[in-house]
Each structure stands twice: as structure tokens, then as C-alpha cells.
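Here are my notes on the model you sent. They go point by point, from the overall picture down to single residues.

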Amino acid sequence: MAAPPGEYFSVGSQVSCGTCQEQRLQGEVVAFDYQSKMLALKCPSSSGKPNHADILLINLQYVSEVEIIND
């Protein structure tokens, strides 16, 4: 089943979202699964190493807002 128009994220888009724990997450969309409402974001490495990245898996049921920064 395809996602309804306007209810999906394009791979490569930059998004910012606020979680229900009032944490702000921002990164590049790597993957999105509409059925499970899971979003995978690639973010700068928390270790500070320039050639590494963190991948965050976000359950959109626990997100209060999502903003597309760059599509």
C-alpha cells in the first residue's frame, strides 16, 4: 500500500523534529517506512569524528512536530 500524498519523507531531505521528551533532532532522511511510521536520520557523529555519522531511528508516534528544512 502506498503512502497518501504529503505523508512521506524523501530520501536526502533535511528534517528537524521535536520529540515528546522535548528533544530536538535534525538530520538527513536515510529511510522512511510509512506502515510502521519509522524515520531513519543521518546526523553528525556524536564522537566528533568527521568521517563518521550517527543513524537515528525515530518512531513518529512519539514526535510532536516535524519540519522539512530542505527537500
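**Notes on the fold and selected residues**

1. Long-range contacts. This is a predicted model. Of the contacts in the protein chain with a separation of 6 or more, 37% join residues 24 or more positions apart.

2. Overall dimensions. The radius of gyration of the protein chain is 12 Å. A compact globule with 71 residues would have a value near 11 Å, so the two agree. Along the principal axes, the C-alpha atoms fill a box of roughly 40 × 25 × 20 Å.

3. Surface and burial. The protein chain has an accessible surface of about 5000 Å². Carbon and sulfur atoms contribute 49% of that surface. Buried residues account for 25% of the 71 residues.

4. Secondary structure. The protein chain has five strands and zero helices. Read from the N terminus, the elements are β-β-β-β-β.

5. The sheet. What is the order of the five strands in the open sheet? The order is β4-β3-β2-β1-β5, with antiparallel pairing. β4 (53-59) and β5 (63-70) are the edge strands. Each has a single partner strand, so one side of each lacks a neighbour in the sheet. On average, neighbouring strands of this sheet are turned by 40° against each other, direction ignored.

6. Strand β1. This strand covers residues 14-19. Five of its six residues are buried, so β1 is largely enclosed by the rest of the structure. Its pairing with β2 is antiparallel and uses five bridges. Within that pairing, S16 stands opposite Q26 of β2. Its pairing with β5 is also antiparallel, and six bridges hold that pair. There, G18 has E65 of β5 as its bridge partner.

7. The hairpin of β1 and β2. Four residues lie between the two strands. E22 deserves a look in this hairpin: its phi is positive, near 55°.

8. The salt bridge. How many salt bridges does the rule give? The count comes to one. The pair is R24 and E65, whose side chains meet at 2.9 Å, N to O. R24 belongs to strand β2 (residues 24-33) and E65 to strand β5, so the salt bridge ties together parts that are 41 residues apart in sequence. Side chains of opposite charge can pair when their charged atoms come close.

9. Exposure of that pair. Are R24 and E65 buried or partly exposed? R24 has a relative accessible area of 45%, so it counts as partly exposed. E65 is at 41% relative accessibility and is likewise partly exposed. Note that E65 appears twice in this review: it is the bridge partner of G18 in the sheet, and its side chain meets that of R24.

10. Strands β3 and β4. Strand β3 spans residues 38-44. Seven bridges join β3 to β4, and the two run antiparallel. In this pairing, P44 stands opposite A53 of β4.

11. S45. Where does S45 lie? S45 is in the loop between β3 and β4. Its relative accessible area is 15%, and because buried means under 20%, S45 counts as buried. Leaving aside residues up to four places away in sequence, S45 touches H52, A53 and D54. A53 thus comes up on two counts: as the residue opposite P44, and as one of the residues that S45 touches.

Terms used. Residues are numbered from 1 along each chain as its sequence is written. This is a predicted model: local features need pLDDT of at least 70, side-chain atom pairs count only at pLDDT 80 or more; totals for chains, interfaces and linings use all residues. Side-chain values use heavy atoms; hydrogens and water are left out. Two strands pair if DSSP finds at least two bridges between them. Axes are lines fitted to C-alpha atoms, for helices over the stretch in contact, and angles run from 0 to 180 degrees between N-to-C directions. The radius of gyration is taken over C-alpha atoms; the globule rule is 2.2 Å times the number of residues to the power 0.38. Buried means under 20% relative accessible area, exposed over 50%, partly exposed in between (1.4 Å probe, protein chains only). Contact means heavy atoms within 4.5 Å. Accessible areas come from the Shrake-Rupley method with a 1.4 Å probe; for residues, only the protein chains shown count as cover. A salt bridge is a side-chain nitrogen of Lys or Arg within 4 Å of a carboxyl oxygen of Asp or Glu.
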